[in-house]
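Reader: I'd like a close look at one part of this model, and then whatever helps me place it among its surroundings. Could you take me through it in plain words?

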There are 2 protein chains.
Amino acid sequence: MTDPLPDHEPLRVAVLGAGTVGADVLRLIRLNGEELAHRIGAPLRVIGIAVQDVSKDRGEHVDHALLTTDASALVREADLVVEVMGGIEPARGLLLEAIENGASVVTANKALLAQDGVTLYEAADEHGVDLHFEAAVAGAIPLVRPIRESLAGDRIQRVLGIVNGTTNYILDAMARTGAAFEDALARAQELGFAEADPTADVEGHDAAAKASILASLAFHTRVGLQDVHCEGITSVTSADIAAAARMGRTIKLLAIVERIADAEGTERISARVYPAMIPSSHPLASVGEAYNAVFIEAEAAGSLMFYGQGAGGAPTASAILGDLVTVARQRVLGGVGPRESRYADLEIVGIGSLRNGFYLSLTVQDRPGVLAEVAGTLSAHGISISTIHQEPLPQAEGTEDRARIGIATYAAAESSVDSALDVLDSSGAVIAIDSVLRIEGE
Amino acid sequence: MTDPLPDHEPLRVAVLGAGTVGADVLRLIRLNGEELAHRIGAPLRVIGIAVQDVSKDRGEHVDHALLTTDASALVREADLVVEVMGGIEPARGLLLEAIENGASVVTANKALLAQDGVTLYEAADEHGVDLHFEAAVAGAIPLVRPIRESLAGDRIQRVLGIVNGTTNYILDAMARTGAAFEDALARAQELGFAEADPTADVEGHDAAAKASILASLAFHTRVGLQDVHCEGITSVTSADIAAAARMGRTIKLLAIVERIADAEGTERISARVYPAMIPSSHPLASVGEAYNAVFIEAEAAGSLMFYGQGAGGAPTASAILGDLVTVARQRVLGGVGPRESRYADLEIVGIGSLRNGFYLSLTVQDRPGVLAEVAGTLSAHGISISTIHQEPLPQAEGTEDRARIGIATYAAAESSVDSALDVLDSSGAVIAIDSVLRIEGE
């Protein structure tokens, strides 16, 4: 037996987009309608679903009678707007129109938030409505709310995480099967873990967008996409993964945002995305397949970890519904909920002035003195070697003897490593610089 | 460069209690005052700290001028009340007084919430104020907010977690060192991981209180302390832990709350706390020392895990500050924030009607036919054995030959296991039933 349904008038919900996530959002609203009404204190009524093509079949959960191509008219009728269409425009314009018309909005649009979130935040403040986007970072994993609210009384020092499921799936497959990047990618595409055009994932753009959102939330400052140093995984080879394993390390695509205080105590922010070697004993190393996991280090709370599904229709829809219930309940209760604050204006630290351990893989001439020359060049740039591994390479027809040298360094300035690599690159002894990977989490 | 401080009038904060957690709350408010003011949109002003003994020295962060023994007068002056005194009364009365006077309250008092949370929730609803208690469950780990808000649009099926740091520290130490329970407890007390009177922790009462709070939140129903089946770890022996290791399992004190649907689809709730064997490959098995970790299984979100420090002054204070910022911000913005809903009235499933795998350790007469008798008794009760291990016990002066039998069963009805144990207990061949532990997470 449950309590009777609340008699509050229904809240009018507009859904923009009816792809995989949109269909799951509509499925959950229909499936759990009664429970949601109890949790909200009012029923939700979907008044329209904006799509580009109303004729396309979208499965049983998408009511055709509600499809419309006039998104603008739809948002003006709504109390609550759910945006799952993606892309910058028309999403941006429609969300601003909704906000200006007094609707609270829920979006999963990480690209839009990363590029122009501030405009949306400020519009929401100005018009006294709620703007939620839990689904934009790490899908189903509650991360935005914990950072924005649970840790609002603490000081976050660092967020380090695996926030892109596609690349984690690929790197995990490469590590498990020894497959090359291209083959692992193809398999991921077959299984639906990677899109036909995987650029945004494999080049790190998706993770970079999430990093900029995480940095803005965690440090209460403005970090745009252009502030995030971004490197993808397309150049990670099975040789790199084998070398990592040999050193007891695992390669993961990491999003890292942190506070860095200089000698005078002035704080700046670093935000970066790149494939890095982490110890295989690190909790993030065991995050397999398309899962996401995020570590947060805060002054008082210490280390926190959040783990779960970072993508997929249902998990993403779960995060969106959570936001929808929150903003809907806020409507019923009156007022607006807490939002992120961006009072600080912290400088961004360029990647060049950071210090990191590095893994370098070089193809060199296999002759006396080469190893000494390489080591000499590194030490001349103040870079000290922690481990080194040399092996001869199979000789190709009519080529000189060649060897591969794998070097792990202790923490060194990025700028020193760059100049050392320039010198090595121009050295006759070095045939190729195969890989440059950072070492994190030690 | 930072934006100027907001010019909103200060919010008057009353702190009830100035123990470890209270002192850390006051330290963080002082330390991060300016940042908090920005996040809130108004400065926080601590107007008083209620204690029993104003003469006691409480360290540099507790301003003596603010100490008072008149808690009741203090709460009537406050906009926001932080309760960290613990215990049922006077905490309960003071929180109700605060709520009736229109103050929003933040509490870490799990015992009070488990025993009489409903009274507090309803008072907060009635008087339109916020009641937050993130710190009451799993300390610094954001759990209440994710369950209450992030997953509000989903359906949680099961929550399974390590929510008591003291018992996890003890079990972890026993597993690492082979120490007996008493020695591991004594060591934990030396190191401050266990209290002088460890009853509430080692008997599972603390975990049971958290389980009732988790169940109420996760299933939007009322689950009181009396509804939680509770067993502690005092009877867990180093022999049990060795036996678990032999079977590739680890013993953890688990809090488990779940929805159970019967054949007709009617849903009921199970809430229980007991030491259980889980596979050593289970993520919870690797949660060491005093850390907490909680798994949540939800229909759409899938599996989520939250990990962090479940106790300690600073981590608990971090959770309290997060709540304090949220309720303070809500004050500035107007209205009240979302709160848990308790519209459902779900029956509690008695432990007897559950099914579980079991580990049974028996001391028996070491003579032919005993093993057959034991196995026969179990199968007569519909309990099938997955693994069995028998070893002779060292013979004590003038006693009969004795052996120990360790048995892991497949899932069986709790009631069948109980009656089988009664039969075994009264059998001449069985000298003692040493241990009965459940097997979970398989």
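How much area is buried between domain 1 of chain A and domain 2 of chain A, and what share of that area do carbon and sulfur atoms give?

Author: Happy to, and one thing up front: this is a predicted model. About 1500 Å² is buried between domain 1 of chain A and domain 2 of chain A, and carbon and sulfur atoms give 61% of that. Quoting it this way is common practice, since the size of an interface is often given as the accessible area lost when the parts come together.

Now for who is who. In the domain assignment of chain A, domain 1 is written as 11-139 + 314-333, so to speak in two pieces, while domain 2 covers 144-311 and domain 3 covers 354-439. Taken over C-alpha atoms, the centres of domain 1 and domain 2 of chain A are 27 Å apart. As for the contact itself, 18 residues of domain 1 of chain A touch 18 residues of domain 2 of chain A.

A helix pair is a good place to zoom in. Helix α5 of chain A (residues 110-127) and α10(A) have axes that come within 9 Å and cross at roughly 50°. The two helices, α5(A) and α10(A), are therefore oblique to each other, and α5(A) passes α10(A) in a left-handed crossing. On the α5(A) side the contact uses Lys110(A), Leu113(A) and Ala114(A), and on the α10(A) side it uses Asp206(A), Ala209(A), Lys210(A), Ser212(A) and Ile213(A). Sorted by class, that contact of α5(A) with α10(A) has four nonpolar residues, one polar and three charged.

Just past that helix there's a backbone detail to look at. His220(A) sits in the loop between α10 (205-219) and β8 (229-230) of chain A. His220(A) isn't a glycine, and yet its phi is positive, at about 55°.

Another pair of helices in chain A has a contact of another make-up. The axes of helix α7 (residues 165-177) and helix α8 (residues 181-190) of chain A come within 9 Å and cross at roughly 125°. That makes α7(A) oblique to α8(A), and the crossing of these two, α7(A) and α8(A), is right-handed. Here Tyr169(A), Ile170(A), Ala173(A) and Met174(A) of α7(A) meet Phe181(A), Ala184(A), Leu185(A) and Ala188(A) of α8(A). The class count for α7(A) with α8(A) is eight nonpolar, no polar and no charged residues.

Chain A also has a cis peptide bond, joining Glu89(A) and Pro90(A), with omega about 5°. You'll find Pro90(A) in the loop between β4 (80-83) and α4 (91-100) of chain A. Over in chain B, a cis peptide bond joins Glu89(B) and Pro90(B), with omega about 5°, and Pro90(B) lies in the loop between β4 (80-83) and α4 (91-100) of that chain.

While you're in chain B, have a look at one more helix pair. Helix α1 (residues 20-31) and helix α12 (residues 313-333) of chain B pack at about 55°, their axes 8 Å apart. Hence α1(B) and α12(B) are oblique to each other, and their crossing is right-handed. Among the residues making the contact are Val21(B), Val25(B) and Leu28(B) of α1(B), and Ala317(B), Ile320(B) and Leu324(B) of α12(B). The contact of α1(B) with α12(B) divides into nine nonpolar, four polar and two charged residues.

Technical notes
Residues are numbered from 1 along each chain as its sequence is written. Chains are lettered from A and ligands numbered from 1 in the order in which they are written. This is a predicted model: local features need pLDDT of at least 70, side-chain atom pairs count only at pLDDT 80 or more; totals for chains, interfaces and linings use all residues. Side-chain values use heavy atoms; hydrogens and water are left out. Axes are lines fitted to C-alpha atoms, for helices over the stretch in contact, and angles run from 0 to 180 degrees between N-to-C directions. Helices (H or I, at least four residues) and strands (E, at least two) are DSSP runs, numbered from the N terminus. Angles under 35 degrees count as roughly parallel, over 145 as roughly antiparallel, 65 to 115 as roughly perpendicular and the rest as oblique. A crossing is left-handed if the near helix is turned anticlockwise from the far one by less than a right angle, and right-handed if clockwise. Contact means heavy atoms within 4.5 Å. Ala, Val, Leu, Ile, Met, Phe, Trp, Tyr, Cys and Pro count as nonpolar, Asp, Glu, Lys and Arg as charged, and the others, Gly among them, as polar. Domain bounds come from an automatic or database domain assignment. Buried area is the accessible area (1.4 Å probe) that two parts lose on being put together, summed over both.
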